[in-house]
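Please open the model in your viewer and keep the selection panel handy. We will walk through it one stop at a time.

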Amino acid sequence: MNIVLLGPPGAGKGTQARILVERDGMVQLSTGDMLRSAVAAETEIGKQVKAVMESGGLVTDEIVVGIISDRIEQPDFKGNVIFDGFPRTLAQADAFGELLAKKGMALDAVIEMRCDDEKLVERVTGRFTCHTCGEGYHTSFKKPKVEGVCDKCGGTEFTHRHDDNADAMRSRLLAYYKETSPLVGYYHAKDTLALVDGTAEIDEVTAQIAEALN
Ligand code: AP5
Ligand code: MG
């Protein structure tokens, strides 16, 4: 099964993707995580995208489709993937459909995680991430069981994203409504769209996704 998690910044895409990986053994492909790794490793692509990511704009379709096609076109690509944060434009969605079709694979479901802006801002500004394993936390909604220690790996170093600030968040939301939200209609027309209430608690969202996938 291949699924897309579609939703604005802070909707909970990464949180739910990690739950699906753990519970169902799916593979998470997050273009945001891949691009952040490229920035950290100072690769050619990383240097090209650093400024636009920090300001909250979208990276070009060419770069993003390039990194996804590099994965899908690998001979050992078997699917069973949660695409987290991809596609984000109509051009990406078209290219994605073609890449999967070439592999003889389908996109089984697109889960739209809807959430209001006020909650989204509260979520991203309270977010922190384990530096060692990437587990995501929140100062109010998802605290580590022992303060300062990652539940998953025991790591004690946490990081904050450069784009988790009010200015970049405004640009990220604008990019979502302008460039990404048309995908709701696009996938509705293809009969693959399911809506979940992204404002619900984490476990409740997980349950709604499970129901949508059944
Ligand atoms: P990306 O990394 O994809 O960021 P995003 O879309 O802005 O989404 P986030 O990762 O901020 O939110 P999320 O939905 O994963 O929420 P999370 O689960 O962490 O992209 C970053 C940048 O990369 C883009 O701005 C762009 O520049 C570039 N990029 C990436 N893909 C691209 C593409 N395809 N095309 C062009 N450019 C691209 O949750 C957030 C917080 O809330 C956490 O603290 C979590 O603990 C908490 N939380 C989660 N769920 C709940 C809940 N139900 N209740 C309460 N709290 C919750
Ligand atoms: Mg994310």
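## A tour around ligand 1

Select the shell around ligand 1 and colour it by class: you will find 14 nonpolar, ten polar and ten charged residues. Keep in mind that this is a predicted model.

Next, pick out the residues that come nearest to ligand 1: of the 34 around the ligand, these are Thr15, Gly57, Arg88, Arg127 and Arg172.

Now switch on the backbone atoms. At Lys13, a backbone N or O atom sits 2.8 Å from an oxygen atom of ligand 1. Move to Gly85, where a backbone N or O atom is 3.0 Å from a nitrogen atom of the ligand. Then go to Ala200, which places a backbone N or O atom 2.8 Å from a nitrogen atom of ligand 1. If you draw the surface, how much of the ligand's accessible area does the protein cover? On its own ligand 1 has 1,000 Å², and the protein covers 96% of that.

Zoom out to the secondary structure. Two or more shell residues come from each of α1 (13-24), α2 (31-40), β6 (136-138) and α9 (202-213). Highlight α2, which gives the most, with four residues.

For the last stop, look for the one cavity of 30 Å³ or more. Its volume is about 50 Å³. To see the lining, select Leu5, Leu6, Gly7, Lys13, Gly85, Phe86, Pro87, Arg88, Tyr176 and Thr180. Both β1 (3-6) and α7 (166-180) supply at least two of the lining residues. Colour the lining by class to finish: five nonpolar, three polar and two charged residues.

Terms used: Residues numbered from 1 in each chain as written. Chains lettered and ligands numbered in written order. Predicted model: local features only at pLDDT ≥ 70, side-chain atom pairs only at ≥ 80, totals over all residues. Heavy atoms only, no water. Near = heavy atom within 4 Å. Polar contact = N/O pair within 3.5 Å; in protein donor to acceptor, adjacent residues only side chain to side chain. Areas by Shrake-Rupley, 256 points an atom, 1.4 Å probe, with all protein chains shown as cover. Nonpolar A, V, L, I, M, F, W, Y, C, P; charged D, E, K, R; others polar. 1 Å grid on protein atoms, 1.4 Å probe; cavity = no way out; pocket = protein on both sides within 12 Å on 5 of 7 lines; lining within 4 Å. Points joined across faces, edges and corners; volume = space filled by probe spheres on them.
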